[in-house]
Every structure is written in C-alpha cells, then in structure tokens.
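Me: I keep meeting terms such as "salt bridge" and "open sheet", and I would like to see how each one is earned. Could we go through an example together?

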Amino acid sequence: MDNTLLSIRNLHTSFFTHVGEVKAVQNVSYDVRRGEILGVVGESGSGKSVSYMSCMRLLQEPGRIMGGDVQFKGESLLSKTNRQMRNIRGNRMSMIFQNPMTSLNAVLKIGDQITEPLREHKNMSRAEAKREAISLLERVQIPDAEKRLSAYPHEFSGGMRQRVLIAMAIACRPDLIIADEPTTALDVTIQSQILELMKDLQQDLGTSIVFITHDLGVIAETCSRVVVMYGSMVMEEAPVDDIFHRPAHPYTEGLLRSIPKPGMEDKRLSPIPGSPPVQLSPPPGCPFAPRCNYAMNICRRRLPEFTKIGENHRSACWLLSGHAPSNNFRRENI
Amino acid sequence: MFKYILKRFVSMIITMFVIITITFLLMHSVPGGPFAAEKALPPEVEQALLEKYHLDDPLWKQYVDYVGGILRFDLGPSFKYRGLTVNELIVSGFPVSGRVGGLSILVILLIGIPLGIIAALKQNRWEDAVVRFLATLGITIPSFVLATLLLYVFSLKLDLLPSFGIESWKGYILPVVALSGYSISFVARLTRSSLLEVFRQDYMIMARAKGLSEFKILFKHGLKNALIPIVTVMGPLIAGLLTGSFVIEKIFALPGMGGHFVNGISNRDYTVIMGITVFYAGFLLIMVFIVDLIYGFLDPRIKLDNRS
C-alpha cells in the first residue's frame, strides 16, 4: 500500500520584493508518510514555513510558487481550484501556528472559532457543532469546556490558547496537521505539556504531523523522521536516531554542536560561525559552504547532489561523494 | 454597566460645565456687544436694552443666571432676533441641519465603507487606483468649492436641481453631496487602510487555513476588527454633521443651526452663541459616549466597567 500522504517534488517558491527575487524555497523534495511525525528543522529564513504555506496555497503577496509539484493523497494541490483547495484546508490538512496570542480572532468567541471548520466542512448544525466543540475542548484538556465556549481569546492563557488552536486543527480529523513552531511562544513547562498532548492525539487519531521547528529538543521528543533545511534547500533527511547519532551533513553536525548537553557546563558551546544567507543572489554552490568547516573548492562552485547513506537517510554534501578526498568529517561521523 | 453609565454621566456634566464657563468668559472678553452698532444708539436706549437683558449686571451674576437658566433648559432670549428665544431657534434650525446631516451620514456609511472594502480587496489594481484617486480628490476639495461646482453644473447649466431651499426632496441632493464629499473620501481611505492592516494579521491567515469562504473571512473575521477605527471617527463626525455646517447652509440658503451660530457670533448675540455651543457640546459628548458603548460591543477586550 502506498504509504505516502504528502509528496513535495522540486518545489520552488520566490518572493518578489522591491530589491529583487528572493528564492525562499529551492528544489525541495521529500515525502510525509501516513501516521508519522516528521520534523522539519532549520534556522529562521531557511524556507521551512514557506514550503508549507506553498503546500496549503496560503502564500501572501508577493510570494509565488515558481515550479515543482505538491501531491496530497495522490492528487496535485497546485492544480486544484480555489474552491477545491478550501475543502482541503482545515478539513484534510490543518495548521497550528506559532503564535497562539495572535492566531485567534480577539473579537470572536472561542466557541464560534472552533465550530467554524465543523460547520464549514462537516455541514454540522449549530447544536451538533457545539457538542463536538465541547468534546474537542475536553480532548485538549481544557476544563469547564462548555462554559469556556462563550469566552473570548483574551480570557485564556497562552498555553490554553494553543490548546484551543490544537482543538481547531483536529476538529475535522485531518490527515495531516502542520504545526509551525507550536511551542516556541510558550513557557518551557507548558511546551512539554503541549508536545505530550500532540503526541497523544497523533496516536489516537492516526494523523500525520509535521513539526516545523528550530528546536532540536522538540524534534528529539516527538519525531520519527527529520528533514534538515538550510538556505531554502533540504540538506539532509534521516530517521531521528541517525540525525542525532550519525549526522551526515556538516550543517546538521553544527546544529547538534550548538545545543547544550548535560555534563558540558564548563565548556563553551560551539555555534556555527557566520550567519545564514539571504537568498537574494545565492552563490552557485552549496548554500552552507561559506560557513562550513570542511568546505572544498567544488562546494563553492556546484550544488551537491543527494547521496544515499542508508535506507531512509540521504544528504546533499560533496564530502559524501566517492570523489571526495578522505576527510575528517567522514571519518568521525559515518 | 449601570455604574459605568452613572460615572460617564457625572463626567459629562463636569465637561459641560467647563465648556460653558470657558465659552462664557471668552465671549465676554471679545470687544463689542450685542447692541454695539455702526450708528450709535442714544445712550438712554442702550441703557434700557442693557437693563432689559441684564447685561449691566456684574459678570458673575450674569454667569450664575445663565447657568441657572440652562438647568431649567432655558437658553434665554435672542438679542438680535427680536421675540425669538434660543430654544426656538434650535427647535427650528436643528431639524433642517439634522435632516441634511442625517442623510449625509447615511450616504457616507453606504458609499464610504463599501468603497474602502473594494479598494482593500483589490489592492494595487485598477479598482483600488480609482477609489484612491477619488478619495484624494474628495479630501483635497473644500466643501464650498464642491458646492459651487455642483450648483454650476446641476442648477445653472443642466437646470436639474434647485439651487436653494429644501421645499422638495430634490433640494436635499446637492447639499448632501457637498456636505458628505469630504467624509466619504475620509471614511473610504480609513476603511481601506484599516482592512489592509487587518488582512496582515495572523488570525486572518488562520481563518484562511481553516478553509473558510472569502465572504466569511472578510465579513466575520475582517470587518469587525477593521470597524473599530471607523467607529472612532464616526462619533464626532455624526455630531458635527447633524448640528449643521455653516458653509453649506449659507450656500444653499438652508435655515439650519450652522447659519444661526455664525450670525450669532458676528452679532455678539451672546445667548445664541452660548446656546448653540451648549447644544453642540452636549450632542458631541453623547455621541462619544455612544461610540464607547459600541467599542465594548465590537471588541470584548474593552471592558466598560471594571468589574471582571
């Protein structure tokens, strides 16, 4: 049986700003499988959110999809009409946004906002939708659910609002939930509660979840597979254990080295030197080459192809090519 | 809620009191008086007039008497329109100004807001360009220029509409257009910018991500948020329009309040100046109060009373 739910192929997305075309997503390809939690990790501006806004066809001006395809359950999303797309959004594919403070409409009641997708997509009556909304709120562990329906967003705490957003996202039992930094704006203690909740819901509903994050801790706690993005491209794709124990790309290695671990309190963290590129006039080679400790001549001239390392593990790096000279990175990691 | 209304009521009375005092003092500090004319009156006559209207009393006594009158809703007699009281002037003038102003408000809401919505939805396309051009034009052309232009075209050249008076419904058209031109443009621009601001908000992207129709996204999620700044300007605008515009009333020879007010000032018709100022101020305060009530309805984050 085909296990692929969402398949992104050679996706290109650009923003046409007044200073020129910014290539926010370049040649991105990977799959999201049914029932998995996939982590998409990268720094701000690496194109991880933009690629999903492209998939949902929610890009705002001046963003435009320049090429490639996105298949959802075997059907191309980019060739669907706006109306067909509306039937998918919030119904088969839903999103949880980063900032629970601003993602809820302050002038509408919570109940109103939760029942909206139900009434829109499931043709529920007002009463049915209300009953369903109560059970959804109970499901995301909001106490006093029935009473809270008539409350406004400002009467909820940040964590509670994120629960409301989660309730909204699971309302129609979607096949895919895209969670864009769902815990970034929350306190650390609340973060783990929200992650637990999402993991539980994923188990119960069998939904696929894509976690877009820059937090490797979130990835380690929740995901089964990871896609690493940098400079609007995919650098590495691997099962979560491989990412943490056998990273095959210098960028992934750099990310791991820049998070603190227990037992290294007295040592300095080693951040990746330099700053991420702006994709206004990208250099011809690998986007990470200017910051890479192992960069060779070819890295600055040509884009590396993907090299398959294991069953589900691939990485775009010249060091992995058979022609590359024996090097420290390879010896240490693979 | 009741406590809030009471609190607002008390503060409104204090504000009114301050306005009355300042206007009273300012008015009396302007040189001249109601009976100072180019041809001086015989001293006995002038003295008799001053006595009749108690203008020879000390200022504080005049002030106390006047405030006492206001408390009895008596704004006193007019000095210039013999035999008429200020109450009568307002009762005859306000309906005229009110009808023209009320129609203007309707026109502003029914044209200004939809134009703003269209411009925002079609941002940077030709529809937007047209609305923006008209709105800029409307804001820069003063109402008396617009009024004269309208008169020239529709009364003088085409002879379609009367040039003065409001004997038939046709008489209302030109004054209303001239009066609302500026405000339509203003409201259209405000609606456009307010909506564009709202469109950028996260909850609008969220509404889209939920798969709602464009109609619901705009009217349910967008407009309620975008209306808040519009309501803010509508309060004073409504007060201003309903109580009459001097320029428009003069041009179209309408017997409204605006005309009385300006004539009152040049005649030093103290009671008329005071009366209309008090009336206008009271009206404005009430409108501002209503705006605040509407705020509470539009935005649940604004709590009117501090009970939570």
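Reply: Happily; the turns below take one term at a time and set it against the atoms. Please keep in mind that this is a predicted model.

Me: What makes A:E116 and B:K220 a salt bridge?

Reply: The test asks for a side-chain nitrogen of Lys or Arg within 4 Å of a carboxyl oxygen of Asp or Glu. Between A:E116 and B:K220 the closest N and O atoms are 3.0 Å apart. A distance of 3.0 Å is within 4 Å, so the pair earns the name. Between chain A and chain B the count is 4 salt bridges, and over all chains the structure holds 27.

Me: How do you know that chain A and chain B touch, and how many residues of each are in contact?

Reply: Contact means heavy atoms within 4.5 Å. By that rule 28 residues of chain A are in contact with 20 residues of chain B. The buried area tells of the meeting too: about 2,200 Å² lies between the two chains, with carbon and sulfur atoms giving 59% of it. In chain A, the residues that lose the most area to chain B are A:N105, A:V107 and A:E116, together 26% of what that side buries.

Me: Which residue pairs across the interface are in polar contact, or at least how many does the rule find?

Reply: I can give you the number: 13 residue pairs across the interface of chain A and chain B, both residues at pLDDT 80 or more. On the chain A side, the elements that give two or more residues are β6 (93–96), α3 (100–103), α4 (110–121) and α7 (158–170). The largest share there, 6 residues, comes from α4(A). Sorted by kind, that side of chain A has 14 nonpolar, 9 polar and 5 charged residues.

Me: Why is the sheet of 8 strands in chain A called open?

Reply: Follow the order of its strands: β6-β7-β8-β3-β9-β10-β12-β11, with mixed pairing. At the edges stand β6 and β11 (306–310) of chain A, each with a single partner strand, so each has one side without a neighbour in the sheet. Neighbouring strands are turned against each other by 20° on average, direction ignored. Helix α8 (residues 188–205) of chain A lies across β3 (37–41), β6, β7 (176–180) and β8 (208–213), and runs at about 155° to β8(A).

Me: How do you know that β10 and β12 of chain A pair?

Reply: Two strands pair if DSSP finds at least two bridges between them. Strand β10 (residues 233–239) and strand β12 (residues 313–316) of chain A are joined by 2 bridges and run antiparallel. The count of 2 meets the threshold of at least two, so they pair. Within this pairing, A:E237 stands opposite A:R314 in β12(A).

Me: What joins β11(A) and β12(A)?

Reply: They pair in the antiparallel sense over 4 bridges, and A:F306 stands opposite A:A316 in β12(A). The two strands form a hairpin with 2 residues between them.

Me: Why does the sheet of 4 strands in chain A count as open?

Reply: Its order is β2-β1-β4-β5, with antiparallel pairing. Here β2 (20–33) and β5 (75–76) of chain A are at the edges, and each has a single partner strand, so one side of each is left without a neighbour. For β5(A), 2 bridges join it to strand β4 (residues 63–72) of chain A, and A:S76 is the bridge partner of A:Q71. Lying across β1 (4–17), β2 and β4 of chain A is α1(A), at about 110° to β1(A).

Me: What makes A:K48 and A:E181 a pair that ties parts of the chain together?

Reply: Their side chains meet at 3.6 Å, N to O, and the limit is 4 Å, so this is a salt bridge. A:K48 lies in helix α1 (residues 48–55) and A:E181 in the loop between β7 and α8 of chain A, so the pair ties together parts 133 residues apart in sequence.

Me: What makes the peptide bond from A:E61 to A:P62 cis?

Reply: Its omega is near 0°. A:P62 is found in the loop between α1 and β4 of chain A.

Key: Residues numbered from 1 in each chain as written. Chains lettered and ligands numbered in written order. Predicted model: local features only at pLDDT ≥ 70, side-chain atom pairs only at ≥ 80, totals over all residues. Heavy atoms only, no water. Buried area = accessible area lost by both parts, 1.4 Å probe. Polar contact = N/O pair within 3.5 Å; in protein donor to acceptor, adjacent residues only side chain to side chain. Nonpolar A, V, L, I, M, F, W, Y, C, P; charged D, E, K, R; others polar. Axes fitted to C-alpha atoms, helices over the stretch in contact; angles between N-to-C directions.
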